[in-house]
Amino acid sequence: MTTDSPRWIASSYSNNGGACIEWAPEHAAAAGEVLVRDGKTPAGPHLTLSVDAWAELVDFAKSQS
């Protein structure tokens, strides 16, 4: 199941002066895949990540702070 226009929220790990990674949590819950985009270009492309790949990205972001 996919959504035509998912609700995007800023990741809590991307609070660095406006350079935000956004993701669509409801889409992730419904489809089992995580949509990720650059918050500065909301009309631009997005990545579709597996839940495992998203978890690895979050772990990476945590290790950078």
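Author: Buried means under 20% relative accessible area, exposed means over 50%, and partly exposed covers what falls in between. With that settled, please keep in mind that this is a predicted model.

Reader: Thanks! In what order do the strands of the open sheet run?

Author: The sheet is open, has four strands and is paired in the antiparallel sense. β1 (9–10) and β4 (46–50) each have a single partner strand, so one side of each lacks a neighbour and they stand at the edges. With those two at the edges, the order is β1-β2-β3-β4.

Reader: Over how many bridges do β3 and β4 pair?

Author: Strand β3 covers residues 33–38, and its pairing with β4 is antiparallel. Within this pairing, L35 has T48 of β4 as its bridge partner, and R37 stands opposite H46 in β4. For β3 and β4, the number of bridges is five.

Reader: And over how many bridges do β2 and β3 pair?

Author: Here too the sense is antiparallel. One facing pair to look for is W23 opposite V36 in β3. The bridges between β2 and β3 number three.

Reader: At about what angle does helix α2 run to β4?

Author: Helix α2 spans residues 51–63. It lies across β2 (21–23), β3 and β4. Relative to β4, the helix runs at about 105 degrees.

Reader: How many aromatic pairs does the count come to, and which residues form the pair?

Author: The count comes to one aromatic pair. Its rings are stacked, with 5.2 Å centre to centre and 25 degrees between the planes; planes under 30 degrees apart count as stacked. The partners are W23 and W54.

Reader: How many residues apart in sequence are the parts that W23 and W54 tie together, and are the two buried or exposed?

Author: W23 sits in strand β2 and W54 in helix α2, so the pair ties a strand to a helix across 31 residues of sequence. As for accessibility, W23 and W54 are both buried.

Reader: How many salt bridges does the structure hold, to start with?

Author: One of them joins the side chains of R7 and E26 at 2.7 Å, N to O. It links distant parts of the chain, from the segment before β1 to helix α1, 19 residues apart. The full number of salt bridges is three.

Reader: Does R7 count as buried, partly exposed or exposed?

Author: Its relative accessibility is 47%. Its partner E26 has 41% and counts as partly exposed. At its own value, R7 likewise counts as partly exposed.

Reader: Which residue does E22 meet in a salt bridge?

Author: This salt bridge has an N to O distance of 2.7 Å. It links strand β2 to strand β3 across 15 residues. E22 is buried at 15% relative accessibility, and its partner is also buried, with 15%. That partner is R37.

Reader: What is the N to O distance between D38 and K40?

Author: The side chains of D38 and K40 meet in a salt bridge. D38 is partly exposed, with a relative accessible area of 32%, whereas K40 is exposed at 55%. The N to O distance is 3.5 Å.

Reader: One last thing: which side chain does a polar contact join to that of H27?

Author: H27 belongs to helix α1, residues 25–31. Its relative accessibility is 4%, which means that H27 counts as buried. The contact is 3.0 Å, and the partner side chain is that of E33.

Notes. Residues are numbered from 1 along each chain as its sequence is written. This is a predicted model: local features need pLDDT of at least 70, side-chain atom pairs count only at pLDDT 80 or more; totals for chains, interfaces and linings use all residues. Side-chain values use heavy atoms; hydrogens and water are left out. Buried means under 20% relative accessible area, exposed over 50%, partly exposed in between (1.4 Å probe, protein chains only). A polar contact is a pair of N or O atoms within 3.5 Å; within protein, one must be able to donate a hydrogen and the other to accept it, and residues adjacent in sequence count only if both atoms are side-chain atoms. Two strands pair if DSSP finds at least two bridges between them. Contact means heavy atoms within 4.5 Å. Axes are lines fitted to C-alpha atoms, for helices over the stretch in contact, and angles run from 0 to 180 degrees between N-to-C directions. Rings of Phe, Tyr and Trp (its six-membered ring) pair if their centres lie within 6.5 Å; planes under 30 degrees apart count as stacked, over 60 as edge-to-face and the rest as tilted. A salt bridge is a side-chain nitrogen of Lys or Arg within 4 Å of a carboxyl oxygen of Asp or Glu.
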